[in-house]
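Here's a quick briefing on a protein chain and some of the side chains inside it. Take a look at the sequence and the 3D view, then read on.

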Amino acid sequence: MDMLIFLLAIPLIGAVLTLLMGNERAKYAKFVALAFSAATLVIAVALLFMQDDYATMGMNEVWIKTDFFQFNFKLAIDGLSILMVFLTALLVFVVGLFSYEENDRPNYYHTLLLLMELGLMGVYLSADYFLFYIMWEVTLIPMYFMISWYGGPRRHYSAIKFFIYTHVASLVMLLGIFIMVFTAGGNFDFAAVTDYMSTNTDKWFQTAVFGLLFFGFIVKMPIVPFHTWLPDAHVEAPTGGSVLLAGVMLKMGSYGIIRICLENFKIGAVEWQWVMIILGIISMIYGAYACIGQTDLKKMVAYSSISHMGMVLLGIGCLSEIGIEFAVFQMFAHGLITAILFMVCGLAGHNIGTREIPLLGGLATKMPKWAFFMMFGFMASLGLPGLVGFVAEFGILYAFWEFIANTPQMWMLVFGMLSMMLTAGYYLWAMQRTLFGDLTTKIDFEHGVHGGPVHDISKYEFAAMAIMIVLIAFFGIMPDYATRFIEGYVSMFAGVF
């Protein structure tokens, strides 16, 4: 049996087992879920060392076949999907290790985590459009219940808003998929559709269908002006939900643009190129500027995700090998960094009782371990050299400079620099107000939110965040261990656009 099927089967089995654990055994759900997520992570790590075998991996079984169309249960992996598969397995394991929400209906909480892992793995491994869309929709359901059951005071509103925005966008995406697939003869196979699209469609068809798919994907990323669901979802979601939402679910959008839009519609991509670039720049600047005005740490990090995903779209919009390569690397880097950022924000609300920046201050002396992880996460996100965020952002800005060099649009490079300056500004300002100066008098540290004294992070929380900072530093110093996967994939775009 092919290894890839285990990446779907293990989370599914784990989800069923944790779901069936009754009240008396529910306290063990975390350890059961950790065992299954660890097994999935082991397989994902093993795949990192099997790059030469990707072409022979996968499975392709007929699922549904009629006179008009055929659905296959087809899985495949390549240099684009492997980093997302590894990131998904890693974050689900880390979230399970970190989570404190399991005190409330723990078996349901971990069931939802494993179901999200199933859907996300399905999206990144699918090589059939019907399977891809089914798995795309599967991710929405557990995230909806994660927000609605375990979220904050406005959780029901945020969950519904999240579902409406992303589901309506996916229906538009589905329309584009149907047009594309049935034009190609009713075969939902990725490779078969790509072969047909590349030689049998004209500019108008490619431009129109690219637009339908592109809309569905940029709402998922999300890109301005379709971004408003994200801050609400993040603020109300539990920490584990926020980590998976920002870390891997947003990447479904950019993954879809590369995997489906760019691979199938080379002419359409050129026609939409400047739309991608302009929307990417607007999202970068708007997201960074909005962060400055936030008083909630978690909402600030949510808006920073809009800014960083805008940078991903800018890299894709360059339509060059280096632009696409570092856009994918930024997807990976952002997933690592936002995990630790949302963990830090979640601990502020859980341990201190508030995430409001004006109420905090001087916490480095009271909670030194928490303060260290906050500083590390902020520095990684603002692009400190030596950490993974710097490599990704530098590569995208270089690709953009290469694209506009010696053109009348050369002045647009200033937007990239402005985004980086704003990012450094809001992170440093938030860090100074939260960690340094006199210890705040607006919080009762002796009688915290749980009745006892406010405490620093636990050993499980420390272990989860330590894993992330090690990887953020490792891939910042040795980015080749990630980019070598992407380089093999993006070579298909050499000289195409």
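Let's start with a pair of residues: both D296 and R355 are buried. Keep in mind that you're looking at a predicted model. The structure holds 6 salt bridges, and the pair D296 and R355 forms one of them.

**The D296 and R355 pair**

- In this salt bridge, the closest N and O atoms of D296 and R355 are 3.0 Å apart.
- D296 sits in the loop between α13 (273-292) and α14 (297-317), while R355 sits in the loop between α15 (321-352) and α16 (363-366), so their salt bridge ties together parts that are 59 residues apart in sequence.

**A network around R259**

- Which residues are joined into one network by salt bridges that share partners? They are D78, R259 and E263.
- One link is the salt bridge between R259 and D78, where the closest N and O atoms are 2.8 Å apart.
- That link connects distant parts of the chain: R259 belongs to helix α11 (residues 251-264), D78 belongs to the loop between β2 (70-75) and α3 (81-98), and 181 residues separate them.
- Another link is the salt bridge between the side chains of E263 and R259, with an N to O distance of 3.1 Å.
- Here the partners share a helix: E263 and R259 both lie in α11, 4 residues apart, which is about one turn of the helix.
- Is R259 buried or exposed? R259 counts as buried because its relative accessibility is 8%, and the cut-off for buried is under 20%.
- E263 is buried too, with a relative accessible area of 10%.

**F376 and its surroundings**

- You'll find F376 in helix α17, which covers residues 368-381.
- With a relative accessible area of 17%, F376 is buried; that value falls under the 20% cut-off.
- What does F376 touch, once you leave aside its neighbours within four places in sequence? F376 is in contact with L387, I469, I472 and A473.
- If you want a distance to check in the 3D view, try F376 and C345: their C-alpha atoms are separated by 13 Å, and the two residues are 31 residues apart along the chain.

Conventions
Residues numbered from 1 in each chain as written. Predicted model: local features only at pLDDT ≥ 70, side-chain atom pairs only at ≥ 80, totals over all residues. Heavy atoms only, no water. Helix = DSSP H or I, 4+ residues; strand = E, 2+ residues; numbered from the N terminus. Buried < 20%, exposed > 50% of the residue type's maximum accessible area, 1.4 Å probe, protein only. Contact = heavy atoms within 4.5 Å. Salt bridge = Lys/Arg side-chain N within 4 Å of Asp/Glu carboxyl O.
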